[in-house]
Amino acid sequence: MIHGRIRGAGIARAVMQGPRPVVLSGPSGAGKSTLLKKLLKDYENIFGFSVSHTTRQPRPGEVNGKDYHFVTREEMQKEIDAGEFIEHAEFSGNMYGTSKGAVQAVQAQNQICVLDIDIQGVKNIKKTDLNPIYISVQPPSIDILEKRLRDRKTETEESLLKRLTAARVDLELSKEPGLFDLVIINDDLEKAYSELKEVLLEEIKKTQESRKS
Ligand SMILES: Nc1ncnc2c1ncn2[C@@H]1O[C@H](COP(=O)(O)OP(=O)(O)OP(=O)(O)O)[C@@H](O)[C@H]1O
Ligand SMILES: Nc1nc2c(ncn2[C@@H]2O[C@H](COP(=O)(O)O)[C@@H](O)[C@H]2O)c(=O)[nH]1
């Protein structure tokens, strides 16, 4: 596995559709949303979030259309059948998916599109021509992950156990050589955030430059 270095960042994209997207993956509770929120705050208008669809219930404070498009299983299946999704997966008893519209909405603003998706999503995106930078955010240990998930107070005991089981699978599958361009161990948040910014610096600069011209 490659740590702290990016593969293929300098390779020109076959089809230039603006800045290269970014996939953030890793176990639930590893800190993807925390890092992403910092990035979106510090680089407002440079990054845009791909708003996924999900069938899970909204958490307190989550906004429909901003954090997720909260939909029923029937609604989501209908859109999947109509070919409106780039990828979709079942995670911890709910459906999640990235619609074509979610990515297009960000790319239309010439922003770097960031996808927060699980490892099944990563494998499915690999089959497309999206060509993102793949980053896995991982916890320092499973025990710390469990503590973070418990402290977040978003899960029932049942869903927490499901997420921990999925986390173990995720950490195993993530070892596949070449699956991720970069693995960030999110122990110290500021250090993890610096690593994330460093790897994205080239795309950030390109996007900032394109705004000037
Ligand atoms: N480096 C860190 N040190 C301590 N706590 C952290 C750190 N990073 C994130 N956290 C906390 O851990 C919890 C889980 O983080 P977060 O919700 O960002 O994870 P996630 O990977 O986005 O999870 P999910 O995939 O379920 O959305 C949050 O309560 C967050 O505040
Ligand atoms: N394959 C996809 N996975 C997604 C998508 N949106 C989110 N996720 C992943 O689901 C889990 C759980 O998220 P939570 O918000 O319920 O905690 C997490 O690993 C996300 O990365 C998606 O569109 N496709």
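**Reading the pocket and its ligand**

Modeller: The largest pocket holds about 1,100 Å³ of space. The model is predicted, so local features need pLDDT of at least 70 and side-chain atom pairs pLDDT 80 or more, while totals for chains, interfaces and linings use all residues. Side-chain values use heavy atoms, without hydrogens and water.

Biologist: How is a pocket to be read, and which residues lie nearest the centre of the largest pocket?

Modeller: Rolling a probe the size of a water molecule over the atoms shows where empty space is left. A pocket is an open set of points on a 1 Å grid over the protein atoms alone, where a 1.4 Å probe fits, with protein on both sides within 12 Å along at least five of seven lines; lining residues have an atom within 4 Å of a point. Here 43 residues line the largest pocket, and Lys32, Ser33, Arg59, Tyr68 and Asp116 lie nearest its centre.

Biologist: Where does ligand 1 sit?

Modeller: Ligand 1 occupies the largest pocket; sitting there requires more than half of its atoms to lie within 2 Å of the grid points. Around ligand 1 are 14 residues, each with a heavy atom within 4 Å. Helix 1 (32-42) gives the largest share of this shell, three residues.

Biologist: Which residues have polar contacts with ligand 1?

Modeller: A polar contact is a pair of N or O atoms within 3.5 Å. The side chain of Arg163 places an N or O atom 3.2 Å from an oxygen of ligand 1. Backbone N or O atoms of Asp187 and Leu189 lie 2.9 Å and 3.4 Å, respectively, from a nitrogen atom of ligand 1.

Technical notes: Residues are numbered from 1 along each chain as its sequence is written. Chains are lettered from A and ligands numbered from 1 in the order in which they are written. A polar contact is a pair of N or O atoms within 3.5 Å; within protein, one must be able to donate a hydrogen and the other to accept it, and residues adjacent in sequence count only if both atoms are side-chain atoms. Helices (H or I, at least four residues) and strands (E, at least two) are DSSP runs, numbered from the N terminus. Grid points are joined across faces, edges and corners, and a volume is the space filled by probe spheres set on the points.
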